[in-house]
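The following exercises are intended to be worked through with the sequence and the coordinates at hand. Each task is followed by a solution that proceeds step by step.

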Amino acid sequence: GRSYSGRERNCCFLNTTTASADRLTTGPVARFANISATSGIDLPDDGRALVTVDWDHDGDVDIWISNRNAPRLRLLRNDGSGKNHFLALRLRGEAPAVNRDAIGSRVEVVLENKSAPRLVQTLRGGQGFLAQSSKWVHLGLGDEEHIESIQVRWPDGRRESFPGVPVDGRYLLVQG
């Protein structure tokens, strides 16, 4: 009845990767900062599963954690005061060529600011042990206020463009 991995606090890391300053390496140097305590996730729970979802529909991603001991479920709401923009997309495939949930689709957001990087995400059907995150594709846009287009590559290989989508919204994109 005891946990093999009990008494391990939950961890949260911030990706601080920057361009490489070392002339011997060719790519970015991966660096991470432990922000467990400042993020509020540094809890003594015996965590088993974690899922991400915009639970309160405020544009930022919240976290549900399932634990072996009490509390069995814990919601960590992201209530930061950031004024960043976002885009949330739900994809629907056209049967029978593509599954209705559009699992395997690749979404690329092209911003009007040409110096901003393109944002790319793939819709996956499983992301962790005993857990499944939301099927909404959630993209943080930072201070970018205009989207040129959303490009979707559906699992059957077809590509589709959705131009003129406003920021800070939740949209259903249906294939075809």
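The exercises below concern a predicted model and go from the whole chain to single residues.

**Exercise 1. The chain as a whole**

Task: State how many helices and strands the chain has, and give the order of its elements.

Solution.
Step 1. The chain contains 1 helix and 12 strands.
Step 2. Read from the N terminus, the order of elements is β-β-α-β-β-β-β-β-β-β-β-β-β.
Step 3. Along the principal axes, the C-alpha atoms occupy a box of roughly 50 × 50 × 35 Å.
Step 4. The chain has 176 residues, and 28% of them count as buried.
Step 5. When contacts between residues at least 6 apart in sequence are considered, 48% join residues at least 24 apart.

**Exercise 2. The hairpin and its loop**

Task: Describe how β4 and β5 pair, and determine whether Arg68 is buried, partly exposed or exposed.

Solution.
Step 1. Strands β4 and β5 are paired in the antiparallel sense over 4 bridges.
Step 2. The two strands form a hairpin, with 5 residues between them.
Step 3. Within this pairing, Ile65 is found opposite Arg74 in β5.
Step 4. The loop between β4 (62-67) and β5 (73-76) holds Arg68.
Step 5. The relative accessibility of Arg68 is 34%, so Arg68 counts as partly exposed; the class lies between the limits of 20% and 50%.
Step 6. Arg68 is 25 residues from Leu43 in sequence, and their C-alpha atoms are 13 Å apart in space.

**Exercise 3. Aromatic rings**

Task: Classify the pair formed by the rings of Trp55 and Trp64 as stacked, tilted or edge-to-face.

Solution.
Step 1. The structure contains 1 aromatic pair.
Step 2. The ring centres of Trp55 and Trp64 are 5.0 Å apart, and the planes stand at 80 degrees; the pair is therefore edge-to-face. The cut-off used here is that planes over 60 degrees apart count as edge-to-face.
Step 3. Trp55 has a relative accessible area of 48% and is partly exposed.
Step 4. Trp64, at 21% relative accessibility, also counts as partly exposed.
Step 5. A further ring, that of Trp136, has Arg170 over its face, at 4.0 Å from the ring centre.

**Exercise 4. An open sheet**

Task: Identify which strands stand at the edges of the sheet β9-β6-β12, and explain why one side of each is left without a neighbour.

Solution.
Step 1. The open sheet consists of 3 strands in the order β9-β6-β12, and its pairing is mixed.
Step 2. β9 and β12 (169-174) are the edge strands; each has a single partner strand, so one side of each has no neighbour in the sheet.
Step 3. On average, neighbouring strands of this sheet are turned by 25 degrees against each other, direction ignored.
Step 4. The pairing of β6 with β9 is antiparallel and extends over 5 bridges, and Phe86 stands opposite Gly140 in β9.
Step 5. Strand β12 contains Leu173, which has a relative accessible area of 6% and is therefore buried.
Step 6. Beyond its neighbours within four places in sequence, Leu173 is in contact with Leu89, Arg90, Leu91, Arg92, Ile150, Val152, Trp154 and Phe162.
Step 7. Leu173 and Ser161 are separated by 12 residues in sequence and by 10 Å in space, C-alpha to C-alpha.

**Exercise 5. Strand β7 and the largest nonpolar core**

Task: Determine which strands pair with β7, and which residues Val109 contacts.

Solution.
Step 1. β7 is mostly covered, with 5 of its 6 residues buried.
Step 2. β7 runs antiparallel to β8 (residues 119-122), to which 4 bridges join it; in this pairing Val109 stands opposite Leu119.
Step 3. β7 also pairs with β10 in the antiparallel sense, over 6 bridges, and Val107 has Val152 as its bridge partner.
Step 4. The largest nonpolar core has 21 residues, of which Leu87, Leu89, Val109, Ile147 and Ile150 touch the most other members. The elements giving two or more residues to this core are β6 (85-92), β7 (106-111), β9 (137-142) and β10 (147-153).
Step 5. Apart from its neighbours within four places in sequence, Val109 contacts Leu87, Arg118, Leu119, Leu139, Ile147, Ser149 and Ile150.

How values were computed: Residues are numbered from 1 along each chain as its sequence is written. This is a predicted model: local features need pLDDT of at least 70, side-chain atom pairs count only at pLDDT 80 or more; totals for chains, interfaces and linings use all residues. Side-chain values use heavy atoms; hydrogens and water are left out. A nonpolar core is a set of buried Ala, Val, Leu, Ile, Met, Phe, Trp, Tyr and Cys residues joined through side-chain atoms within 4.5 Å. Buried means under 20% relative accessible area, exposed over 50%, partly exposed in between (1.4 Å probe, protein chains only). Contact means heavy atoms within 4.5 Å. Two strands pair if DSSP finds at least two bridges between them. Axes are lines fitted to C-alpha atoms, for helices over the stretch in contact, and angles run from 0 to 180 degrees between N-to-C directions. Rings of Phe, Tyr and Trp (its six-membered ring) pair if their centres lie within 6.5 Å; planes under 30 degrees apart count as stacked, over 60 as edge-to-face and the rest as tilted. A charge sits over a ring if NZ of Lys or CZ of Arg is within 6 Å of the ring centre and within 35 degrees of the ring normal.
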